[in-house]
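Visitor: I am new to protein structures. Could you walk me through this one?

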Amino acid sequence: MDGEINLELYTLCMIQINTIFQKIADNNPTDEIIADINNCRNDLKQLHEEIVDDLSKEEININEYDPFFENGMVMFPEYTKNIDQAIQTSNDENLKNSLNDLCDVFVGLIKTGNEYFEKRGAFKWMTYPKLE
């Protein structure tokens, strides 16, 4: 992405995750929720891969990455907590596995954010919940 974040994909992912939480709250069919989780996970993985690729380059647009990770380091741990709560309340193993896979992508984004700030000398280390 030439050192810039794919904000359209990021926005889509955030809409998807919020839709997933709403569908869980509304007790929508599990198969439908799992399909949405898989789509969201794939889009988030793509976004994460693009970010990692950008950050491996010599020059990046810090005017995009600083605010992205500043926001992400607040929001991503919250998403992992919400996913963990959904896992704890679900009785469906397939749904739990899909949620765990989605959470893994958020954990990866948190790790990348920590590495980004560490490299920049702006140490903002965030932890993330360990999910079982």
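Guide: Here are a few questions and answers on a predicted model.

Visitor: Which helix gives the most to the largest nonpolar core?
Guide: In soluble globular proteins, nonpolar side chains tend to be buried together. Here the largest nonpolar core has 37 residues. Helices α1 (7–25), α2 (30–55), α3 (62–89) and α4 (93–120) each supply at least two of them. With eleven residues, the one that gives the most is α4.

Visitor: Which residues does Ile-17 touch, leaving out those up to four places away in sequence?
Guide: Ile-17 is among the residues with the most contacts inside the core. Leu-44, Ile-83, Leu-102 and Phe-106 are also on that list. Leaving out residues up to four places away, Ile-17 touches Cys-40, Tyr-79, Ile-83, Leu-102 and Phe-106.

Visitor: Why is there no bond between the sulfurs of Cys-13 and Cys-40?
Guide: Both residues are buried: Cys-13 has 0% relative accessibility, and Cys-40 has a relative accessible area of 0%. A disulfide needs the two sulfur atoms within 2.5 Å. The closest cysteine sulfur to that of Cys-13 is in Cys-40, and it is too far for a bond, at 5.3 Å.

Visitor: How many disulfides does a search of the whole structure find?
Guide: Cys-40 is in no disulfide. For the whole structure, the search finds zero.

Visitor: How many residues in the lining of the largest pocket are charged?
Guide: This pocket holds about 160 Å³ of space. Its lining includes Val-52, Ser-56, Lys-57, Glu-115 and Arg-120. α4 gives the most to the lining, with five residues. Four lining residues are nonpolar, two are polar, and the number charged is four.

Technical notes: Residues numbered from 1 in each chain as written. Predicted model: local features only at pLDDT ≥ 70, side-chain atom pairs only at ≥ 80, totals over all residues. Heavy atoms only, no water. Core = buried A, V, L, I, M, F, W, Y, C linked by side-chain atoms within 4.5 Å. Buried < 20%, exposed > 50% of the residue type's maximum accessible area, 1.4 Å probe, protein only. Helix = DSSP H or I, 4+ residues; strand = E, 2+ residues; numbered from the N terminus. Contact = heavy atoms within 4.5 Å. 1 Å grid on protein atoms, 1.4 Å probe; cavity = no way out; pocket = protein on both sides within 12 Å on 5 of 7 lines; lining within 4 Å. Points joined across faces, edges and corners; volume = space filled by probe spheres on them. Nonpolar A, V, L, I, M, F, W, Y, C, P; charged D, E, K, R; others polar.
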